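Please open the model in a viewer and keep the sequence panel visible. The stops below are meant to be followed in order.

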There are 2 protein chains.
Amino acid sequence: MAKNQSTEDYLKGIYKLQHNGKGVATSELAKHLKIGDGSVTGMIKKLAAKRLVHHTPYKGVSLTASGKRLAVQMIRRHRLWEMFLVKFLGYRWDEIHDEAERLEHVTSQEMERRLDKALGYPKVDPHGDPIPTMNGEFDGTAYSPLSEFEVGDRVKIIRVDDDQGVLQLAATLGLGLNKNLTVKEKMKFDGSMIVKVGPKEQFISQRIAKSIFVRVV
Amino acid sequence: MAKNQSTEDYLKGIYKLQHNGKGVATSELAKHLKIGDGSVTGMIKKLAAKRLVHHTPYKGVSLTASGKRLAVQMIRRHRLWEMFLVKFLGYRWDEIHDEAERLEHVTSQEMERRLDKALGYPKVDPHGDPIPTMNGEFDGTAYSPLSEFEVGDRVKIIRVDDDQGVLQLAATLGLGLNKNLTVKEKMKFDGSMIVKVGPKEQFISQRIAKSIFVRVV
DNA sequence: AGTTGATTTTAGGTGCACCTAAATTTAGGT
DNA sequence: ACCTAAATTTAGGTGCACCTAAAATCAACT
Ligand SMILES: [Mn+2]
Ligand SMILES: [Mn+2]
Ligand SMILES: [Mn+2]
Ligand SMILES: [Mn+2]
C-alpha cells in the first residue's frame, strides 16, 4: 500500500488542486509539479492502473477513495513534520516547507503516531493549516481572508499561506498565528490596510491581506 | 555535492566494509547492499567517474577523500536520527535502525546542525556507536568484546552491535549502555558466561558476548 | 457544420539503478 | 608454465520517471 515519492507527490498535488471543482486538468497538475504535460499524462495512466485515480482522457483526473486516503496521509505527515521542525528544532515558519516535503516520504505509520504523540496531538500546523486525524478527518476552523474585513473589525489570525515570501513578511510585521488585530484603515484605491497589532499600527498591502486568514473575535 | 540515496548507501557500505584492510571487494559490497554483483560493478564505475571512489578493476574499491567525507556525513546523520528516535519519540533501541536508514537521506546540513543541538550534542548513538563531528572526526572510547574477559572482571557496557536480534536479547537481559557487570563464570566448552548485572545473574551465550563491547571499570 | 487554437495524449527518446547470464581475469595448486 | 575455480566485469535486458515534439481531440466561434 505504501508508495514512492513521485506517487505521493502526484496524489498530494491532485488533492490540493481538486478542491475547486471536479477533475483536475493534467496541465494544471503538470504546472504544479513542474513536470512536462506529457510526463504527467503517462504517470497518471500508471496511477489509474493502480486504482489511485480515475482518469477520463481529455477530461481530467480525480482521486479514488484509496488515492484520497494516501493523499491525506501525506498531508498529515507533512504538517506533523512542520510542527516538529518548529517545536523541536526551532526553525522559523518560513523555513520548514521544503524540509517537510522530503521527510513526509520516509515516515512509517509508527513514526507518524509517535510524532503526533510527542507533539501533543496538535490540531494545526505552524501555518494554521489543520492536521487531519489518522482516519483522514479534518477539523477545520472557519476563516476568511483579512482583505475582506472593514475598518473597526477586530479579528484573530487563524492561518497564513504557506508561502515563503508571505510568511517572512508576516513575521516581520508581527503577524503570527493567534495574534489579534484591528482594522484601522482600508484604502478604497488598492485595498491596502492599516491594522493595529499589539501596540503598533502596520501598513499592509492587499496582496498580503489576501494571504492572511482570520475570524472575528 | 549532495548525492542521492543509492550513492549514499554505496559510500556508507564501502566505508563500513573497508576498515579491515584496503580495497573492498565488489562481491562483498554487493552482499552487504543486497544487490547483484554486476549491478555493483556498474554503479562503482559511475561513482569512480564522479571521483567518489577509486576503482582498480578486479582489485576492489576504496573511498576518495570526498567519498569518505560523504560517507561519514551519512553515518553522522544516521546516528543523530537514531538518537532522536529514542530520545524524542520513545522508540526502543532495536526499532530504530531502519527508520534512521531512510531519514539520513533527506537531511539538510541545517537540519543536521539543529538536530545535533536539540539532542544536546550527543557523543554516541543509542547503541554506543560514536557520532562523528561535523568535520568528520570520531571520538572513540576504546572497548573490547565481553567474550574476551575472564571470571572476576568488572566491566562497563560501551557499545552493542546494531543488530535487531542482539539488541532485543540484550534489553531483555537488562544489558543496556553504561551498565556495569561482573563476569561470574565462563565455560571453557562453548565460551558462554554467567554475568552479574545489578542484583541478578544472567546466563549469556558466547554469540551474544561477542556482540557486547565493554571496558574495564 | 466547419475551422481553428488550445489542451491533451501519443510516440520515441534519455538516464538511472537494478537484473541475469555470458565472458573475462585472477590466483592457487600441480 | 598450465589448468581451473572463483571473483569480477561486460553485455544485453527491465521498469521507472522524466523529456520533447508530433498527432489527436476538444470546444467555441463563426
Ligand atoms: Mn514531497
Ligand atoms: Mn504548513
Ligand atoms: Mn540508507
Ligand atoms: Mn546505531
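The tour of this predicted model goes from a metal site to the relation between the chains, then to a strand and a further metal site.

**Stop 1: the manganese ion (ligand 1)**

Select the manganese ion (ligand 1) together with Asp9(A), Glu101(A), Glu104(A) and His105(A), which supply its protein donors. Display the atoms: Asp9(A) contributes OD, Glu104(A) contributes OE and His105(A) contributes NE2. Glu101(A) appears with both O and OE. The distances from these donors to the ion run from 2.1 to 2.6 Å.

In the sequence panel, the donor residues of this ion show the spacing D-x91-E-x2-E-H. Now colour helix α1 (residues 5–18) of chain A, which holds Asp9(A), and helix α5 (residues 97–103) of chain A, which holds Glu101(A). These two residues are 92 positions apart, and the pair links distant parts of the chain. With a surface switched on, Asp9(A) has a relative accessible area of 18% and therefore counts as buried, the cut-off being under 20%.

**Stop 2: chain A and chain B**

Show both chains and superpose chain B on chain A. The operation is a rotation of 180° with 0.0 Å of shift along its axis, and the RMSD is 0.1 Å. This is the relation of a two-fold axis. To locate the axis from chain B, select Leu103(B): its C-alpha lies 3.5 Å away, the closest approach of any residue of that chain. The same surface serves both copies, as 100% of the contact residues of chain B recur in chain A.

**Stop 3: strand β4 of chain B**

Select residues 154–160 of chain B, which form strand β4. Is this strand mostly covered or mostly uncovered? Mostly covered: five of its seven residues are buried.

Next, add strand β5 (residues 180–186) of chain B, which runs antiparallel to β4(B) and is joined to it by three bridges. Pick Lys156(B) and look across to β5(B), where its bridge partner is Asn180(B). Then add strand β8 (residues 212–216) of chain B, which pairs with β4(B) over five bridges, again in the antiparallel sense. Here Ile157(B) stands opposite Val214(B).

**Stop 4: the manganese ion (ligand 3)**

Finish at the manganese ion (ligand 3), whose protein donors are Asp9(B) (OD), Glu101(B) (O and OE), Glu104(B) (OE) and His105(B) (NE2). They lie 2.1 to 2.6 Å from the ion, and along the chain their spacing is D-x91-E-x2-E-H. Select Glu104(B) last: it is buried, with a relative accessible area of 1%.

Terms used
Residues numbered from 1 in each chain as written. Chains lettered and ligands numbered in written order. Predicted model: local features only at pLDDT ≥ 70, side-chain atom pairs only at ≥ 80, totals over all residues. Heavy atoms only, no water. Donors = N, O, S within 2.8 Å, 3.2 Å for Na, K, Ca; no water. Helix = DSSP H or I, 4+ residues; strand = E, 2+ residues; numbered from the N terminus. Buried < 20%, exposed > 50% of the residue type's maximum accessible area, 1.4 Å probe, protein only. Least-squares fit on C-alpha atoms with pLDDT ≥ 70 in both. Contact = heavy atoms within 4.5 Å. Pairing = 2+ DSSP bridges.
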